[in-house]
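Subject: A structure for you to look at

Hi there,

Here is the structure I promised to pass on to you. Have a look at it first, and then read on for what I found.

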Amino acid sequence: MITGPQMRAARALLGIDQKTLAKLAGLSVPTIQRMEAGSGNVRGIVDSLTKVVEALELAGIELIGEGSVSTARGRGVRLKVPSPKP
């Protein structure tokens, strides 16, 4: 699975806009916009999700799932679960 925030972060790391991601994935810009709009797991047609994930991976992005270990080399970022406020 991929989340909207992961998609936005991946684009930021690559320095590309939604139009470029849409082209790389073979999808429309409105489809990318809908996918990125939510804060949770992206909902959509499995084929479209697969295209986005494959496009990001081919561009050099490693998507790391919650609680997963990154085995790839290179720099990266991960969003931590916020600490409870006292």
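How many helices and how many strands does the secondary structure of the chain come to? The count is four helices and zero strands. Starting at the N terminus, the order of the elements is α-α-α-α. Please keep in mind that this is a predicted model.

Some overall values to begin with. The chain has 86 residues, of which 26% count as buried. Its accessible surface is about 6,500 Å², and carbon and sulfur atoms make up 55% of that. If you take the contacts with a separation of 6 or more, 61% of them join residues that are 24 or more positions apart.

**Helix α1**

Let's start with α1, which spans residues 4-14. Which of its residues are buried? They are G4, M7, A10 and R11. These residues sit on the same side of α1, because they cover an arc of only 125° around the axis. Here is a useful rule to remember: an α-helix has 3.6 residues a turn, so residues three or four places apart point the same way. The face of α1 turned away from the buried side carries the exposed residues A12 and L13. The cover over the buried residues of α1 includes α2 (18-25), α3 (29-37) and α4 (46-58). Just after α1 comes G15, which has a positive phi of about 70°.

R11 deserves a second look. This residue of helix α1 has a relative accessibility of 14%, and because the cut-off for buried is under 20%, R11 counts as buried. Leaving aside residues up to four places away in sequence, R11 touches I16, D17, Q18, L21 and E36.

**Helix α3**

Now compare what you saw in α1 with α3. Here the buried residues are T31, I32, M35 and E36. Viewed down the axis of α3, they fall within an arc of 125°, so they line one face of the helix. R34 and A37, on the other side of α3, are exposed. What covers the buried residues of α3 includes α1, α2 and α4.

**How the helices pack**

Two packed helices are described by the angle between their axes and the distance between the axes. Let's go through three pairs in that way.

- α1 and α3: their axes come within 6 Å and cross at roughly 120°. The two helices are therefore oblique to each other. On the α1 side the contact is made by G4, M7, R8 and R11, and on the α3 side by I32, M35, E36 and A37.
- α2 and α3: the axes are 8 Å apart, and the packing angle is about 110°. That makes α2 roughly perpendicular to α3. Here Q18, K19, L21 and A22 in α2 meet V29, I32, Q33 and E36 in α3.
- α2 and α4: these axes come within 8 Å, with a crossing angle of roughly 105°. This pair is therefore roughly perpendicular too. The residues that meet are L21, L24 and A25 from α2 and K51, V52, A55 and L56 from α4.

A25 is a good residue to click on while you look at that last pair. It lies in helix α2 and is buried, with a relative accessible area of 6%. Not counting residues up to four places away in sequence, A25 touches K51, V52 and A55. Along the chain, A25 and V53 are 28 residues apart, while their C-alpha atoms are separated by 8.3 Å.

**The nonpolar core**

Which residues have the most contacts inside the largest nonpolar core? They are M7, L21, I32, M35, V52 and L56, in a core of 16 residues. The elements that give two or more residues to this core are α1, α2, α3 and α4. The largest share, four residues, comes from α4.

To see how parts of the chain meet in space, try V52. Once residues up to four places away in sequence are set aside, V52 touches M7, A25, L27, I32 and M35. You have already met M7 as one of the buried residues of α1, and I32 and M35 among the buried residues of α3.

Enjoy exploring the structure, and write back if you get stuck anywhere.

Best wishes

Definitions and conventions: Residues numbered from 1 in each chain as written. Predicted model: local features only at pLDDT ≥ 70, side-chain atom pairs only at ≥ 80, totals over all residues. Heavy atoms only, no water. Buried < 20%, exposed > 50% of the residue type's maximum accessible area, 1.4 Å probe, protein only. Arc of directions from axis to C-beta. Contact = heavy atoms within 4.5 Å. Core = buried A, V, L, I, M, F, W, Y, C linked by side-chain atoms within 4.5 Å. Areas by Shrake-Rupley, 256 points an atom, 1.4 Å probe, with all protein chains shown as cover. Axes fitted to C-alpha atoms, helices over the stretch in contact; angles between N-to-C directions. Parallel < 35°, antiparallel > 145°, perpendicular 65-115°, else oblique.
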